[in-house]
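Let's take a walk through this structure together, beginning with the ligand and moving outward. Please have the sequence and the 3D view open as you read.

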Amino acid sequence: MSDDPIVQMTGIRKDFTGVRALDGVDFTLRPGEIHAVMGENGAGKSTLIKVLTGVHTPDAGDILLDGKPVRFHSPGAAQAAGISTVYQEVNLTDNLSVAENLFAGREPRLGPFINFRAMRRKAKALLDDIGIDLNVAAPLSSYSIAMQQLVAISRAVDIEAKVLILDEPTSSLDRDEVEVLLGVMRRLAEKGTAMVFISHFLDQVYEICDRMTVLRNGTLVGEWATADLPQNELIGHMLGREAAALEQIERAAAAHHVADEEPLVKAQGLGRKGSIAPYDLDVRRGEVVGLAGLLGSGRTETVRLIAGADRADSGSLTFDGQSARGHNPRTAAARGIAFCPENRKTEGLVGDLTVAENMILALQASRGWARSIPVARRDKLVASFIEKLDIRPANPDMPVKNLSGGNQQKVLLARWMLIQPKLLILDEPTRGIDVGAKADIQRLVAELSAEGMAVLFVSAELDEVTRLSDRIAVLRDRELVAVLESEADMTTERIVDTIVSGGRAS
Amino acid sequence: MNAYAKRLMWPVLILVALIAVNIITTGIDFIVPSVNDDRLGGAFVNILRRSAPLLLIALGMTLVIATKGIDLSVGAVYAIGAAIACQMIIDSSDQTAAGLVFSAIAIALVVTAVIGAWNGVMVAYFGIQPIVATLILMIAGRGIAQLITGGQIPKVQDASPFTELGRGAFLTVPIPIWIAALVLVALALLTRRTALGMLLESVGGNPEASRLAGIRSKGITVLVYLVCGLCAGLAGLIGAANLGSADANNGGQWIELDAILAVVIGGTALLGGRFFLLGTTIGVVIIGTLEDTIINVGLSSQWQFTAKAIVVFVVALLQSPEFRGWFLKPFKRKPAAPATAPAEEAVAK
Ligand SMILES: Nc1ncnc2c1ncn2[C@@H]1O[C@H](COP(=O)(O)OP(=O)(O)OP(=O)(O)O)[C@@H](O)[C@H]1O
Ligand SMILES: [Mg+2]
């Protein structure tokens with residue numbers, strides 16, 4: 001392993017209209033190292049990556065690859081030069097099959113034709129080697145985002161890149177899959193592949209990275225060896241304030257709801273074939289019910305039935321004393337059910353519309369097209385939520401697709417808080433959100449429930465679920481196997497036990 | 001410069017260039033309206049008058065395209081609208097009766113609106129792809145128009161007030177220009193004063209996210225196709241009134257393609273989402289002006305299609321950020337040293 005850097009970026013500057021996303025940033029990547037790029041939402045991490053891979057052209061600065069100056073004009077060119085990237089927003093073609101996605105652009109051929117059989121065989125072998133089990137002939141869209149991420153990563157691995165860039169690859173993976181991924185990364189590092197790793201999970205970063213580069217507001221804070229930078233100092237560098245500001249959320253032992261009160265949501269035998277087995281679940285006002293389980297265990301499917309996003313084919317659902325079976329997203333919203341879906345890009349935001357428009361979408365939809373929200377009221381609402389959720393940049397007229405991932409999530413949250421729902425369903429709301437913002441969102445959930453809002457909270461992070469929830473529904477294999485109620489049961493260990501035993505023990 | 005102004009910039013520049021070419025070749029009279037018999041005339045006013053039917057159709061098309069759809073049936077609906085009105089008028093004993101003309105117009109408009117709504121129902125409720133759903137009527141519509149006219153070309157007497165719709169003037173301005181302008185204003189108000197425009201853009205920009213946000217996308221889709229059908233019917237009436245007849249086979253032929261062209265020139269993407277009614281209007285005037293320009297610069301009229309294609313090509317290129325970056329690079333200032341560019345620094349902050 002030589003110490004000559006494989007990638008060296010110096011003085012990188014990138015301006016977008018009205019925003020300086022990067023300002024004089026240096027970045028050095030050495031062969032065989034795993035290098036974290038850290039920073040708050042909107043710090044410029046993704047932009048730095050995109051400048052390197054030719055998605056964006058820098059306005060100033062130099063890039064050396066293997067000591068030679070380069071400037072890629074397209075991601076394809078970067079890939080040809082040995083830089084493989086998994087972007088934050090998955091960008092595979094999802095109506096193609098898994099195998100086709102893995103080999104797009106380099107399909108095994110038989111004369112002029114694609115050799116589909118060989119392609120499927122190679123795909124299977126590749127995924128087996130990495131340790132994921134998928135039907136390679138199925139369309140990629142039939143798998144969860146997490147699986148789609150893993151497919152994207154596998155593709156990058158197979159190309160045998162010199163440099164592999166992973167922008168928040170783990171944000172939608174569960175524990176086991178994260179282990180698989182980190183394992184793959186270690187193996188690649190031993191082979192000499194240099195990796196850039198972006199993640200808001202500090203544990204993962206400390207577990208796997210050799211060095212880190214910290215950005216704040218588009219400027220370079222510094223570069224450290226992981227061993228030299230304790231976690232609280234890192235947070236201080238990222239946020240520019242003391243880590244102590246991020247005090248933990250303590251649930252005021254959920255005494256604010258009366259146990260015998262009629263539940264707000266009452267699902268009985270609610271289910272949908274092929275998606276989630278019939279389940280019973282109650283949610284009371286002012287209560288946070290967490291949903292825990294492995295990826296693909298049916299957490300999302302469970303909440304989608306209550307949200308009206310999917311139609312239930314069995315059982316009954318009562319909301320606020322009325323039957324709500326067979327409702328759809330519109331009638332659900334009218335009843336006061338808000339649903340933030342997990343995949344904000346495809347199911348949540350309308351990229352071309354502005355931040356303000358995206359925020360008021362649900363409120364406007366509930367009023368119908370004819371009764372437009374008065375401009376003054378709209379501006380006030382939008383401004384207040386931009387401030388409340390600390391959305392950056394605080395520009396309501398910016399197309400939402402230009403926001404960083406974490407800020408997009410906040411816009412989606414604002415959309416639903418605007419309709420003042422009785423039930424707020426959050427599917428992975430803290431995915432891709434920095435430590436500061438994550439604490440903000442958790443605090444918000446605690447606040448809202450204290451004001452009497454019922455919350456259904458899905459998260460892959462078990463400590464987040466245990467910290468916030470009054471009760472926890474545990475899912476396994478598309479079945480709700482147990483609801484943990486007592487304080488003593490609501491620990492990460494108990495959840496894991498329940499998942500493993502399938503709720504039978506105890 | 002805001003997003004709208006930016007989108008409009010290139011089409012406006014192209015239009016100005018075209019007008020300049022015409023002024024150079026035929027003199028300033030090209031643009032300055034003349035007044036004879038108390039009505040405005042002159043080359044440019046005539047272009048606007050002639051373009052009115054295309055503008056009506058292109059405006060409806062803009063809304064449809066904003067929802068990620070397309071309406072290929074507008075030419076056929078144009079023919080149906082023209083056929084219904086003309087046939088009703090020639091079937092009556094007194095073609096000059098105002099009541100008759102009004103009811104003929106009203107019935108034609110109702111029928112074309114229903115046809116448009118049918119397209120919308122097929123797209124929104126039956127889930128048929130817009131291009132297929134409207135292709136059905138594109139083919140069948142002309143047959144329906146022929147059935148209405150019995151295979152003939154009904155000719156309305158010049159004395160019938162119906163012809164005023166195409167030939168008349170009000171306050172010196174030709175009636176077709178009035179109608180087109182009123183529809184433009186009405187649609188602009190309908191979409192931008194209410195939330196319809198934003199919801200349309202949302203449905204076109206991301207249908208699934210819109211559904212989950214609780215937007216009634218089906219109702220909105222039907223409404224938009226209805227408006228598009230209505231606009232096409234109105235365009236047919238103006239066209240027929242101008243000619244004094246309804247030709248089921250040739251009336252409004254290829255107008256759907258010109259309309260799509262105008263929408264694209266005007267900056268609305270065929271992928272749906274953001275739409276620009278004003279851009280479409282400029283696109284229509286560009287297409288109309290182009291036809292005159294070809295004659296005025298001395299090319300034979302066979303050049304028409306080629307010239308149109310070239311203009312579309314140029315506009316499409318200018319609207320592509322990739323091309324603009326490449327094309328304008330040699331003209332861009334080199335990144336200036338901070339000391340010499342304080343203004344730039346200030347903007348970035
Ligand atoms: N195409 C664009 N146009 C305008 N501004 C942009 C564009 N892309 C990014 N930005 C802005 O640049 C800044 C940096 O964004 P970037 O996506 O790099 O953040 P990030 O560090 O990856 O954040 P996150 O953790 O939320 O993903 C943000 O203020 C963002 O709004
Ligand atoms: Mg990012």
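Which atom of ligand 1 lies 2.9 Å from a polar side-chain atom of A:His200? The partner is an oxygen atom of ligand 1. Please keep in mind that this is a predicted model.

**Around ligand 1**

Two backbone contacts join the one from the A:His200 side chain, and the table puts these contacts side by side.

| Residue | Protein atom | Ligand 1 atom | Distance |
|---|---|---|---|
| A:Gly44 | polar backbone atom | oxygen | 2.9 Å |
| A:His200 | polar side-chain atom | oxygen | 2.9 Å |
| A:Asn402 | polar backbone atom | oxygen | 2.9 Å |

On its own, ligand 1 would expose 640 Å², and the protein buries 90% of that area. Three elements of chain A give two or more residues each to the surrounding shell: strand E2 (19-29), helix H1 (45-52) and helix H14 (405-417). The largest share is that of H1(A), with 3 residues.

In total, 21 residues surround ligand 1. The closest of them are A:Gly42, A:Lys45, A:Ser46, A:Thr47 and A:Ser404. Sorted by character, the shell holds 11 polar, 7 nonpolar and 3 charged residues. Domain 1 (7-229) and domain 3 (351-420) of chain A each supply at least three residues to the shell.

**A sheet in chain A**

Elsewhere in chain A, 6 strands build an open sheet with mixed pairing, and their order is E18-E19-E20-E15-E21-E22. Why do strand E18 (337-340) and strand E22 (479-484) of chain A each have one side without a neighbour in the sheet? Both stand at the edges and have a single partner strand each, so one side of each is left without a neighbour. From one strand to the next, the twist averages 15°.

Within this sheet, strand E15 (residues 288-293) and strand E21 (residues 471-476) of chain A run parallel and are joined by 5 bridges. If you would like a spot to find on screen, A:Gly293 stands opposite A:Leu475 in E21(A).

**Two backbone details**

Where does a cis peptide bond occur in chain A? It joins A:Arg392 and A:Pro393, with omega at about -5°. A:Pro393 sits in the loop between helix H13 (375-388) and H14 of chain A. H14 is also one of the elements that give two or more residues to the shell around ligand 1.

In chain B, the residue to look at is B:Thr172, whose phi is near 70°, a positive value in a residue other than glycine. You will find B:Thr172 in the loop between strand E3 (169-170) and strand E4 (173-174) of chain B.

Technical notes
Residues numbered from 1 in each chain as written. Chains lettered and ligands numbered in written order. Predicted model: local features only at pLDDT ≥ 70, side-chain atom pairs only at ≥ 80, totals over all residues. Heavy atoms only, no water. Near = heavy atom within 4 Å. Polar contact = N/O pair within 3.5 Å; in protein donor to acceptor, adjacent residues only side chain to side chain. Areas by Shrake-Rupley, 256 points an atom, 1.4 Å probe, with all protein chains shown as cover. Helix = DSSP H or I, 4+ residues; strand = E, 2+ residues; numbered from the N terminus. Nonpolar A, V, L, I, M, F, W, Y, C, P; charged D, E, K, R; others polar. Domains from an automatic or database assignment. Pairing = 2+ DSSP bridges. Axes fitted to C-alpha atoms, helices over the stretch in contact; angles between N-to-C directions.
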